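Dear colleague,

Here is the structure I promised to hand over, and below it you will find my notes on a few parts of it.

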Amino acid sequence: MTAPLLRPFPLGAVRIDGASVFARARDELLHLARAYPVDRLLAVFRRNAGLDTRGALPPGNWEDFGHPDEDAWGEHDYPGREHARTANLLRGHYAGHFLSMLALAAAGEGDPALRAKVDELTAGLGEVRDALAATGRYSHYGFLAAYGEWQFSRLEDFAPYGEIWAPYYTCHKLMAGLLDAYELVGNAQALDLANAMGRWVHGRLARLEPERRQRMWSLYIAGEFGGMNETLARLSAVVGEPRFLETAAFFDQDHLLDAGASGADVLTDMHANQHLPQLIGYVDEYELTGERRYLDAAAGLWDQIVPGRVYAHGGTGESELWGPPGVVAGDVGHRNAETCASYNLLKLARRLFAHTRDARYMTYYERTLLNHILGSRRAVRSDTGPEVTYMFPVHPGARREYDNVGTCCGGTGLENHVKYQDTVFYQGPGALYANLPIDAELDWTEPGLRVTQRSGFPLGESITLRFDALHSATSHTASAEGATSPAGEVGAPAAEGGSAPTDCSAPGAARTVLLRKPAWTAKGVTLSLNGEPTGVEAVAGAPAAGAGAALTDPSGLGAERTVHLRVPAWAAGGVTLSLNGKPVGVEAVAGEYASLTRVWEPGDELVLTAPVSLRAEPTIDDPRQCALYLGATLLLARSEATTALAFGLNGRRAFDGSLITGRTGPQLLAELAREGTVELDGTAFEPCWSGEHTRYHMYVLSADAEIAFGGNGTGVPNRQRADGSTFLDELWAPGSFPDRAAFLHRVAAVAARVRAEGLLGRDELATVLTAAAAFDGATGDPRPVAPGDVPPVPAFDGPVPPAVAIEILDQPAPSGWYTTAPRIRLRGFDIDRPDTAADLALELRVSGGDWTPYTRPVAITEEGVHRIEARVTGPDGLTGTVSREISVDTAPPVSRATVKELGASVEITLHADDGVSGVERIQWEGPGTFWGTFQEAFVRAIGDEPQVIEYAATDRAGNEEPRRRLVLPGKRDRA
Ligand SMILES: [Zn+2]
């Protein structure tokens with residue numbers, strides 16, 4: 001056993017404040033947890049087991065009844081592909097996630113109604129398991145699924161995705177839900193079901209050759225097994241059964257373990273969410289076996305993902321697959337960042353943090369929990385669906401993929417929002433870790449303190465931890481009725497999300513026995529429980545504390561303890577830490593923990609100030625693609641455009657790299673709190689966590705038209721080089737400057753280079769240097785310039801090459817695309833001799849084709865995204881080159897309708913294709929309906945008279961095709 005250094009608190013010991021931004025999503029999911037009928041979750045299981053479905057419909061989408069002709073086949077009953085009638089083969093996974101959600105919510109809220117629902121769902125699954133077992137068709141007792149065992153036996157024959165789905169994925173969700181039901185609320189039947197499933201899994205896999213298992217797990221999707229290794233390892237610890245740890249190792253993927261431990265990058269083109277849960281399991285396998293390679297693999301693969309493969313909100317992957325290492329801007333597609341992947345990255349982050357105490361895992365955790373996860377829940381109420389995202393895409397003009405009843409992300413999305421408190425605080429021996437600045441209350445039972453954290457996160461600038469005596473406060477968890485506490489057993493490992501709530505009202509709950517040690521005792525005081533030493537320090541005359549049968553000091557006047565408070569990585573300069581109003585001499589560095597050791601007493605107040613600024617963070621592979629943050633909040637530009645939006649960013653940077661807007665950090669936070677958005681150059685930016693359903697831009701293009709400092713323009717064009725970079729790009733490439741001297745030194749050096757390239761005139765150079773000297777570096781208010789302040793003009797005597805500019809003579813559509821062929825004009829110039837333009841030779845090249853001489857404006861008629869390059873050559877043979885990108889889509893999409901005869905009615909499906917900008921929507925109307933957006937196939941009854949259905953598609957560029965007509969003959973015409 002290699003226990004983690006730190007562990008989470010029980011879910012019921014931490015409460016998120018009702019005014020926190022996180023309460024919105026939590027409360028909506030709690031509503032769904034209470035409102036949604038268990039019978040609907042059980043319907044697919046009952047149908048498969050031949051039980052009465054009680055008239056309940058399945059949740060729908062992926063989670064639906066199979067084909068009407070599908071049999072509940074046993075292991076050897078597979079009739080062959082040509083006869084198998086299969087559909088919805090992942091069904092059952094959603095119930096597993098729902099069970100986890102109910103258990104998490106019951107433990108966190110202490111709500112007996114939620115607990116009763118855990119019991120009801122578990123009991124229903126128990127009836128299904130027994131009904132399946134009674135048929136005698138399954139390979140081992142314990143099989144539990146909403147489909148036949150044949151999916152598992154077909155996987156052993158390497159059946160591809162399509163013929164089967166991912167049978168062990170579903171198995172994992174069910175086992176994880178059952179284990180949660182046991183560990184979090186003490187449902188013993190759930191443990192019995194999980195135990196039997198574990199034995200069944202062992203029975204299936206133990207008889208296979210290791211090579212066969214390796215090949216199974218490498219199958220795309222079909223071999224996806226979620227976190228089977230994690231759950232089996234957990235199960236082995238809970239029931240003390242080594243066989244389950246052996247079964248967990250059946251799921252080890254050797255090539256992944258080797259790569260993670262050796263640092264070899266193997267992730268490109270791998271399915272992100274297929275492999276992420278395995279890494280979590282590796283941490284569990286490390287804890288139980290002590291084999292270091294498991295932890296090394298998990299940590300090593302983490303480093304291959306974060307930061308080199310994550311987007312601004314913490315998501316990863318394009319179309320569910322990882323791209324090349326260190327490529328973010330270059331891997332922006334239309335389906336980035338599956339929400340399941342972030343769910344699993346967060347689980348992995350907290351596990352790795354517990355073993356390393358490395359603050360960078362919590363920096364990632366904070367960013368992703370706030371922006372991707374909270375932002376994945378739409379701000380609406382629903383009785384039927386989780387209203388969470390599948391993809392949370394990152395391309396220009398993206399929309400969140402909300403809804404997701406029954407999908408994988410709908411499943412993980414059920415859990416995401418009812419456990420926001422699970423990582424806010426961690427504990428170690430004599431230590432408290434405040435990891436996330438979310439407004440919350442903690443029952444820190446070890447010293448008997450109630451810790452109240454207040455920050456207004458993510459809209460505040462300070463974090464306050466107030467310490468009060470725990471016994472004087474009302475215990476929230478005391479409301480949990482009858483919560484037995486299996487995880488309170490001494491030696492049980494901390495479960496995902498923490499162990500069961502400490503419940504003072506119920507039998508079986510952990511309680512503290514306080515035994516006064518007489519002051520007259522001599523040396524050698526011992527404390528034992530049931531004949532075993534407790535390991536609790538028992539010093540005469542002093543209170544003792546420890547785990548298990550702890551002696552706890554209710555007054556808080558106990559031993560010294562260390563509070564580790566994470567200083568947010570976004571804190572902008574001037575971080576201070578004070579205790580009870582006085583500064584403490586503790587180093588507080590952004591992105592690291594500030595630690596203070598003392599005897600913490602009721603009334604203590606620890607305050608960290610963390611000033612907020614507006615920042616533009618470039619992607620790792622393209623300095624011009626930037627994401628804007630206000631403190632921890634990622635800001636999304638609201639815009640109907642579907643091509644990149646450009647903003648002048650470098651021209652408004654302060655020496656520390658933050659953006660000068662004429663408003664202070666507190667003013668920007670107040671604007672965000674008041675308006676729901678922050679305005680920049682006329683564009684509204686909304687928080688990534690808003691839950692809105694707008695079209696947005698996660699990245700904007702950093703492009704300053706003129707050279708500016710602190711937002712003050714100079715009138716000098718910020719001309720582009722051949723590679724697209726500019727004076728301001730190169731000036732700010734370091735990100736920030738330590739002082740004025742460093743700034744002015746670089747201004748002079750870069751200006752000299754740009755002038756030598758022919759992109760800065762003699763007078764322009766002087767203007768730029770003077771303006772730089774007048775920049776105060778912080779506010780943008782001009783400072784007086786003394787003669788000695790202006791950096792000397794660098795000596796430069798050589799000939800200056802000519803330059804060229806690309807101008808587009810037409811306006812793009814609001815989408816940013818050109819929907820009529822745009823005309824390109826080139827303009828050559830010699831920066832020092834403006835009258836010599838006629839002597840310059842100009843050439844044009846489109847999308848890597850041949851260079852052609854330029855004489856007059858050229859229309860770009862070809863569809864697509866084009867790179868336009870221009871080259872200029874002077875009489876002395878010196879050349880200059882420049883390029884820019886334009887997006888052209890002048891043709892509308894092409895739509896069509898397919899009609900399926902259903903007897904007295906027809907089912908109509910509309911399709912559309914657009915190979916350039918992509919299909920935005922299809923709209924339609926028929927008799928009695930309005931011009932609405934097509935969502936899914938619809939049915940029309942055949943009437944006496946013919947019916948006309950009109951429909952048309954629109955692309956993302958904004959082109960709409962003429963309406964098409966579909967005529968449905970009436971009954972008379974059909975006869
Ligand atoms: Zn998913």
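Which residue follows H14, and what is the sign of its phi? Please keep in mind throughout that this is a predicted model. The residue is Arg 357, and its phi is positive, near 60 degrees. Helix H14 itself covers residues 339-356, and its 18 residues, at 1.5 Å a residue, should span 26 Å, which agrees with the 26 Å between its end C-alpha atoms. Because 16 of the 18 residues of H14 are buried, the helix is largely enclosed by the rest of the structure.

Further along the chain there is a sheet to look at. Four strands make up this open sheet in the order S28-S27-S30-S31, with antiparallel pairing. Strand S28 (852-853) and strand S31 (879-888) stand at the edges, and each has a single partner strand, so one side of each is left without a neighbour in the sheet. Strands S27 (residues 841-846) and S30 (residues 864-873) run antiparallel and are joined by six bridges, and Leu 842 has Val 872 in S30 as its bridge partner.

Thr 53 lies in the loop between helix H2 (38-48) and helix H3 (93-109). Thr 53 is partly exposed, since 16 other C-beta atoms lie within 10 Å, a count that falls between the cut-offs of 12 or fewer for exposed and 20 or more for buried. Leaving aside residues up to four places away in sequence, Thr 53 touches Ala 43, Arg 46 and Arg 47, whereas its C-alpha atom is separated by 44 Å from that of Leu 436.

Best wishes

How values were computed: Residues numbered from 1 in each chain as written. Predicted model: local features only at pLDDT ≥ 70, side-chain atom pairs only at ≥ 80, totals over all residues. Pairing = 2+ DSSP bridges. Helix = DSSP H or I, 4+ residues; strand = E, 2+ residues; numbered from the N terminus. Expected span 1.5 Å × (residues − 1). Contact = placed C-beta atoms within 7 Å.
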